[in-house]
Amino acid sequence: MADEEPNHTTPLLRREWWRSRLAAFSPADSLRLKTSILAELGGSVGDLGTYIPIVLALTLVCNLDLSTTLIFTAIYNIATGLIFGIPMPVQPMKSIAAVAVSESPHLTLAQIATAGLSTAATLFILGATGLMSFFYHFIPLPVVRGVQLSQGLSFAFSAIKYIRYNQDFTTTKAASSTPRSWLGLDGLILALVCLSFIVLVTGSGEVAAEETGMSTHRTTEERRVNRRLRTLSKIPSALIVFLLGLILCFIRDPSIIHDIKLGPSKFQILKITWEDWKIGFLRGAIPQIPLSVLNSVIAVCKLSADLFPEREVTAGSAAKVSVSVGLMNMVGCWFGAMPCCHGAGGLAGQYRFGGRSGLSVVFLGLGKLFLGLLLGNSLVRILNEFPIGLLGVLLLFAGIELAMASRDMNSKEESFVMLVCAAISLTGSSAALGFVCGVVLFLLLKLRYLDCSRFRFRKSAGAESDILNP
């Protein structure tokens, strides 16, 4: 993600920092193909399991302009793909979306925008001053893994609900009293078939080894199996499932075709009052800021270091990601676009389905841009018929991939901190609460190893000198 010196926290506001980054920026390297076009295309839709439900809920409940949101998030996707060179996702700010949809009264579009702008300004300042680099360097890894584990399991739990129960995104709650039927175009059998298809194609997410001269010691059967696995890994399973869902939209309700109106909606700058700023900050930004710091910056950088060990990820990378979140929202929110951030779950999902370079999110951005300009707000009518069970399947794999990042906690002490942090985050529905408790627990455990003998020796030596020299 970046080539900064380790442990170097130079503020991004310095002119020399920007000059060095611009000189090192190479779009060709960011878009260099690492696997295959089909794999990158498959990875490009790996985060839509979280993106589509949240965007659809905000559109139906809060009158979010879907056309504007698609166009701006498309620009964000293309820019992040070029800048970071990995499938860096662009995800909705989930806490703001949850407050806007589920709490009464619902947040207005102007209040959603002010919540996003306040969060973006905070992250921009933290990144530009170097404070985010400080946080990245000193936050204990077991605490970060706890946040990742809780977010991954939270996604997985939501995915199971999407698959098992009918959903009403206008309330953000599963209609648990109405289980999904087995048959139908959004039935359990369809979801289970798609889930089985993805497992057969991608397995547990492992990458088949390339045939090299070092593999001559393998048996014929092992080489045959490895070739079969490499062939299967080239199938864009997530893309196939997503395209199937789009086809089923028109089969479920053929009248959609008559309701489609071509062309984007007109851009309009929101009229924001001081009351909107107050409500947006208190109800939306305050719960979102700690989540963005942890999951959108710290956890994303830690996860990218795990998934792309060949790329150097340092404290300066966290500052770069933080500034990225700030800049993109300071533009789009004024026009009513959905507040966005980077998310560890989105990165895990895109990697899980084949994304290995910035090309993956560039493809996604081009697709969003095409749909936003061609169909505009008519896309709401189409997405409203998308089989929710298929979104659950995509979200399940993204959540499990994110949760599996915690498997490197080898000692019992590290696992203890991670699991306590994850449990509190899940039970209290607050990553910030789990983070604080995790840090306190980590410090208490380290306090047990603190050597106080030197302090006692100095104290006794001082007392002895007082006796000898009254």
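Which residues line the largest cavity? The close-ups below take you there in this predicted model, and then on to a second cavity.

**Figure 1. Two cavities of 30 Å³ or more are found in the structure.** Let's start with an overview of both. The largest holds about 40 Å³ of space, and the second largest has a volume of about 30 Å³.

**Figure 2. Pro92, Met93, Lys94, Gln151, Gln288, Leu291, Asn295, Ser296 and Cys341 form the lining of the largest cavity.** Here is the answer to our opening question, residue by residue. If you are looking for a landmark, try helix H14, spanning residues 274–307, which gives the largest share of this lining with four residues. In chemical character, the lining residues split into four nonpolar, four polar and one charged.

**Figure 3. The second largest cavity is lined by Gly46, Asp47, Gly49, Thr50, Gly345, Gly346, Leu394, Leu395 and Ala398.** By class, you will find three nonpolar, five polar and one charged residues around this space.

**Figure 4. Helices H4, H16 and H19 each supply at least two residues of the lining of the second largest cavity.** To find your way around, look for H4 at residues 48–62, H16 at 344–352 and H19 at 388–403. Helix H19 provides the largest share of this lining, with three residues.

How values were computed
Residues are numbered from 1 along each chain as its sequence is written. This is a predicted model: local features need pLDDT of at least 70, side-chain atom pairs count only at pLDDT 80 or more; totals for chains, interfaces and linings use all residues. Side-chain values use heavy atoms; hydrogens and water are left out. On a 1 Å grid over the protein atoms alone, a cavity is a set of points where a 1.4 Å probe fits but cannot get out, and a pocket is an open set with protein on both sides within 12 Å along at least five of seven lines; lining residues have an atom within 4 Å of a point. Grid points are joined across faces, edges and corners, and a volume is the space filled by probe spheres set on the points. Ala, Val, Leu, Ile, Met, Phe, Trp, Tyr, Cys and Pro count as nonpolar, Asp, Glu, Lys and Arg as charged, and the others, Gly among them, as polar.
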